[in-house]
Amino acid sequence: TILWPAAASAEPTWSKIQAVTDWTQHSQKEHKDAGTVTVYRTVIDGTHCFQANATVDVAVDPMMEVAMDIEGTMAWATTANVTKAGVLGRSGSRMDYYQLMDVPGWTMTKDRYWFLRGKVRNEGGSTAFTWEKLDDGGDYSAVYEAFVAAYPKAVEPPINAGGWHFTPSGDDTEIRYYICSDAGGTIPESVQVMATTSTLPDTVGDLVREARKR
């Protein structure tokens with residue numbers, strides 16, 4: 001039985017995610033766009049975190065372009081079903097943004113939204129686009145409050161950190177997608193885990209498919 005914590009005294013960050021060495025393989029799936037996608041899991045500060053790995057014949061630059069195409073997720077991220085997205089501000093390697101995910105009604109769960117701070121990182125030959133939660137919208141409190149008022153039934157995950165990590169390997173690129181999140185609301189723990197692990201290969205596949213077009 002997997003126990004998903006209701007709350008944690010501390011939250012995962014990108015530095016904590018990268019410091020973990022004891023990832024445990026959870027599953028593996030063959031994806032038509034991403035090839036073999038291996039999913040791993042661990043626990044960081046009481047939060048279940050997941051990693052999806054794949055190696056593809058696509059260069060880093062177009063995949064970074066897609067990963068950072070926040071508004072474009074409404075078109076290319078078919079698995080996520082994002083219906084609202086926007087960039088709040090940019091400064092250097094930093095980009096603040098929001099997204100709304102339309103959860104199908106048949107799931108009997110509410111839509112989800114997030115306000116995040118993204119950052120481009122160069123890490124020893126690898127390139128990453130990472131994100132961490134903006135509490136109450138951060139510097140964009142007015143936008144945040146208006147958004148919450150416009151979507152009163154949507155739920156904001158209390159924990160949301162992760163990133164896309166790309167490493168050149170010969171003519172290929174190694175992809176690592178990380179996500180640490182507590183969906184919030186009343187979704188059963190087992191359903192959260194099952195939903196996350198089952199959709200990760202498709203999340204990677206969406207990005208690879210779009211990057212091939214660019």
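The following paragraphs lead through the sheet of this predicted model, the helix that packs on it, and the disulfide that joins two of its strands.

The sheet is an open one of nine strands, and reading across it gives the order S1-S2-S3-S9-S8-S7-S6-S5-S4, with the strands pairing in antiparallel fashion. Strand S1, residues 24-31, and strand S4, residues 82-91, lie at the edges, and because each has a single partner strand, one side of each is left without a neighbour in the sheet. From one strand to the next the twist averages 20 degrees.

At the S4 edge, the partner is strand S5, residues 94-101, which runs antiparallel to S4 and is joined to it by eight bridges. Within this pairing, Val82 has Met101 in S5 as its bridge partner. Helix H4, residues 141-150, packs on the sheet and touches S4, S5 and strand S6 (112-123), and the direction of the helix makes about 140 degrees with that of S6.

Elsewhere in the sheet order, S3 is followed by S9, and these two strands also carry the cysteines of a disulfide. The model has one disulfide, formed by Cys49 and Cys180, whose sulfur atoms are 2.1 Å apart. The pair links distant parts of the chain, since Cys49 belongs to strand S3 (residues 47-56) and Cys180 to strand S9 (residues 172-182), 131 residues apart. The link between Cys49 and Cys180 is right-handed, with 120 degrees about the S-S bond. Taking under 20% relative accessible area as the cut-off for burial, Cys49 counts as buried because its relative accessibility is 0%, and Cys180 is likewise buried because its relative accessible area is 1%.

Notes. Residues numbered from 1 in each chain as written. Predicted model: local features only at pLDDT ≥ 70, side-chain atom pairs only at ≥ 80, totals over all residues. Heavy atoms only, no water. Disulfide = S-S within 2.5 Å. Helix = DSSP H or I, 4+ residues; strand = E, 2+ residues; numbered from the N terminus. Buried < 20%, exposed > 50% of the residue type's maximum accessible area, 1.4 Å probe, protein only. Pairing = 2+ DSSP bridges. Axes fitted to C-alpha atoms, helices over the stretch in contact; angles between N-to-C directions. Contact = heavy atoms within 4.5 Å.
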